Amino acid sequence: MSFEALYPRVTRTRRIEDLCGVWDFQFDPEGTGEESGWAKDGLPDPIGMPVPASFADVFTDKTSREYTGDLWYARRVFVPGEWRQGNVDLRFDGATHRADVFCNGQHVAFHEGGFTPFLAHLNEVVRWNDWNLVAVRVNNELSLGSLPCGATWTSPAGVKMAVPYFDFFNYAGLQRPVRLLASPIERIEDVSFVPAIDGPVREGKRAAAHVDYVVSTTGAHEVEVTLVDQAGVEVARSQGVEGTLTLESARLWDVRDAYLYTAYVRIVDGETILDEWYDTLGVRTVHIEGHDILLNGRPVYLKGFGRHEDSNVHGRGFDPVMNKRDFEIMKWIGANSFRTSHYPYAEEQLYEADREGFLVIDEVAAVGFMKSTKNFLDAAKAKDGKLPNFFEDPEVLSQTLPAHRQALRELVARDKNHACVIAWSLMNEPDTSDAAALPYAEQIFDLAAELDPQGRPRSYTNVTRARAGVDTIHHLADFMMLNRYDGWYVLGGPRMHEAEQVLRDEMEQWHELEPDKPFVFTEYGTDTVQGMHKLPSVMWSEEYQKEFYELQHRIFDSYDWVVGEQTWNLCDFQTGEGIMRVDGNKKGVFTRDRQPKMIAYLLRDRWTSIPDCRD
Ligand code: GCB
C-alpha cells in the first residue's frame, strides 16, 4: 500500500475505470471471512450495497445500523490487457476506518484512517484482459489508535458496539469513490507548488508572482511543467524536477473571487511524453501578521461554518449533490469559509472551494482527545473523583500519537497544493487543561511545519474546559481558534445574559496572554428545533438561537483581533443516541435537509454587510 497524494486524472498517459456502483456486501461478526475463503471465492451470502455510501442508514434494523466489526465488500473487476505495460492500481478515496484489500485472494493493501486516499497495487496478482475478484475487508472499530478516537465495547453476548468519544455518528464503509487507475511505470509520484507574490497588487487582482515547484518521479527522465490560464493560453514553463514558474502579471486567487490556472506536469524523453498529470492552481499567499490573517497581503475576516459530511440515508457517503447544495447555501448566506470539522473532507469539496474562493481550515481527524465529554458516552471512569487527563494515558503516546502523525502526513500530502486551504487544524478540542498535553502537541505542531511546503498557519480548537489561564499549549498556535458555548452548555436558559460577561472576561484574559495573535471563533451555537417558537424564548426555540447569536456577535464586534466567526454547525447532523441529542445534533443554521432556520436570515444580513477583506 502507498498513500496517494495525486488526484486521479485521465491524461495522455493515464486511464481511469470508475468502480462506483453496487458491490456485494456482508457483515463478518466472527471475523472469520478470510479463513473461510471470502477473499478468494467471494462473499457466501451477500446483499447489494452502493459504493460510495455509509452502510448504516440504508438498513431498517438497528443491529445492522449499529454494526461494529469487520464487513466485506466484493466485486469482479475487468482489467484490460493493454494496461499490462504500466502500473495498475486500485484507488480508494476513503475506506472508514481501515481496510484490507485482496485481489484474486491475494492480500494487496492495508490502510489505516478513513478519510485519506490510498492505492492497492495489482500488477503482480492481476489476470490481464480478464475478470478479477476484488474483495475489501473494512473495519469500523474505534480505539485510542483510531482517528477519530473512541473505544469498542463487547456485550456479554459478544456483540461489539462503537463508543465514540465524539459527537457524530460513527458512519463507515467505502464512503468515497473507488477507481481503477492505469499509469506508466515511470510516473509522477508527487508534486508541490509554492506560490509567492513579487510586487504590488494592482486593482486588487494582479501582481508579478512566481510559483516554485518540486516534482518527484520514479525515473530519471526530464520533467517539464507548464502553466496555462483559464483561456487555455500557456503563461509559464520550466524544466527540471525543481523549478520556478514566473508570471509577470498573475491573476491572483482571492476570497470569493477565485482564479485558477492549470499546471501540466510531464515526464518527457525528447518529443515523447512518458507521463502526464495536471492540477488546478491558485496563485495566492497566506500569512499571519500581528492579529491579522493576510490573504495576498490583505486582512481577511472569516465568515462561515464548522460542517459535517452528513446527509439523510447517505450518511457520510460521498454525495456531490449535497456538497453542491452546501456551497450554494453558504454562498446565499454570505459565508466565505469553513472548517473541515472533524476529518478531511472528500477531495472534490476542496476543488469546489478552490473554484468558489472559499477559505478552508483543514482538520485532521484528531477528535475525541478528552476523557468523558458531556453526553458522549463516558470515555473513562473517574479515579478518586478526578478524571485522568487524556494525555496522561500511556496508550495515547504509544497508539494515538503514531496514528495522528500518519494521518497528518497523509492530509498534508493530499491537500498541500489547494489554494483554498489557508490553515491546518491539528486537533479538535484536545484536553489541554493539563501540561501533559504539551509534549504531544509540540510533536504535532513541529510535524505540520515540516510537512507543509507552503508553511501555512497551524492551530487547534480550544475547548471551554481549557479557557484562558488554563490551556497549556496556546503558545504553539499561529492563531487561536475558540469553540465556545457560553449561553448554552454554560449559563444556558434564563442565565444566558450572565454569559456575556463571562466570555468578555475570558477574551480580555486571552488578549493579555496572546496580544499578537488573531482569534477566530470556530464553534458557537445552540441546539434548535426548526419551527419551535417561544416568546419569551426557551432553550431549543428559534428565538433562543437568535438571542444567543446576537450576544456572541456583540462580543466578536468589540475586538478587532477577532478575525473570524464560524458557527456550529452549517446543518443539523446525525450523532449517536443520547439524552442530549434528539435524533442528532440540532445546532444547524440549516436543517439536515438544507432548509433555513430563522437564524439563517440574521446571519445573512450580518455577513452580507461584513466585507471579506478589511483594507
Ligand atoms: C463541540 C465539538 C463538536 C460538537 C459540539 C456540540 O465542542 O467540537 O463536535 O458537536 O461541541 O454541539 O456540542
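This is a short tour of the cavities, two buried residues and some cysteines in a predicted model.

**Stop 1: the largest cavity**

Start with the empty space inside. A search of the whole structure turns up four cavities of 30 Å³ or more. Go to the largest one, with a volume of about 110 Å³. To get there, select Ala-5, Asp-279, Ala-413, Arg-414 and Asn-417, which lie nearest its centre among the 14 lining residues. Now colour by secondary structure: strand 16 (188–197), strand 22 (272–281), helix 4 (347–356) and helix 5 (394–415) are the elements that each give two or more residues to this lining. What classes of residue make up the lining of the largest cavity? Colour by type and you'll find seven nonpolar, two polar and five charged residues.

**Stop 2: the second largest cavity**

Next, select Glu-309, Asp-310, Gly-317, Asp-319 and Asn-323. These are the residues nearest the centre of the second largest cavity, which has 16 lining residues. The space in here comes to about 90 Å³. Show helix 3 (residues 320–333) as a cartoon, since three of the lining residues come from this helix, the largest share. By class, the lining of this second largest cavity splits into three nonpolar, six polar and seven charged residues.

**Stop 3: Asp-572**

Keep Asp-310 on screen and add Asp-572, because the two are in contact. Asp-572 sits in the loop between strand 33 (562–568) and helix 9 (598–609). Is Asp-572 buried or exposed? Its relative accessible area is 7%, so Asp-572 is buried.

Show sticks and look at what the side chain of Asp-572 does:

- It makes a polar contact with the side chain of Lys-597, at 2.7 Å.
- It also reaches the backbone nitrogen of Gly-588, at 2.9 Å.

Leaving aside neighbours within four places in sequence, the other contacts of Asp-572 include Asn-585, Lys-586, Lys-587, Phe-590, Thr-591 and Arg-592.

**Stop 4: Tyr-213**

For a change of scene, draw a distance from the C-alpha of Gly-317, one of the residues nearest the centre of the second largest cavity, to the C-alpha of Tyr-213. The two are 104 residues apart along the chain, and the line should read 34 Å. Tyr-213 belongs to strand 17 (residues 206–217) and counts as buried, at 2% relative accessibility.

Which partners does the side chain of Tyr-213 find? One is the side chain of Ser-238, in a polar contact at 3.2 Å. Another is the backbone oxygen of Gly-240, reached at 2.9 Å. Now select residues 238 to 245: each of Ser-238, Gln-239, Gly-240, Val-241, Glu-242, Gly-243, Thr-244 and Leu-245 touches Tyr-213. Ser-192, Phe-193 and Val-225 touch Tyr-213 as well.

**Stop 5: the cysteines**

Finally, select the cysteines and show their sulfurs. How many disulfides does the structure hold? The count is zero.

Why does Cys-103 have no bonded partner? The closest cysteine sulfur, in Cys-20, is 18 Å from the sulfur of Cys-103, too far for a bond, given that a disulfide needs the two sulfurs within 2.5 Å. Cys-103 is also buried, with a relative accessible area of 1%.

Then move on to Cys-613. Its sulfur has its closest cysteine sulfur in Cys-420, 16 Å away, so this pair too is out of bonding range. Cys-613 is buried, with a relative accessible area of 11%.

Note on methods
Residues numbered from 1 in each chain as written. Predicted model: local features only at pLDDT ≥ 70, side-chain atom pairs only at ≥ 80, totals over all residues. Heavy atoms only, no water. 1 Å grid on protein atoms, 1.4 Å probe; cavity = no way out; pocket = protein on both sides within 12 Å on 5 of 7 lines; lining within 4 Å. Points joined across faces, edges and corners; volume = space filled by probe spheres on them. Helix = DSSP H or I, 4+ residues; strand = E, 2+ residues; numbered from the N terminus. Nonpolar A, V, L, I, M, F, W, Y, C, P; charged D, E, K, R; others polar. Buried < 20%, exposed > 50% of the residue type's maximum accessible area, 1.4 Å probe, protein only. Contact = heavy atoms within 4.5 Å. Polar contact = N/O pair within 3.5 Å; in protein donor to acceptor, adjacent residues only side chain to side chain.
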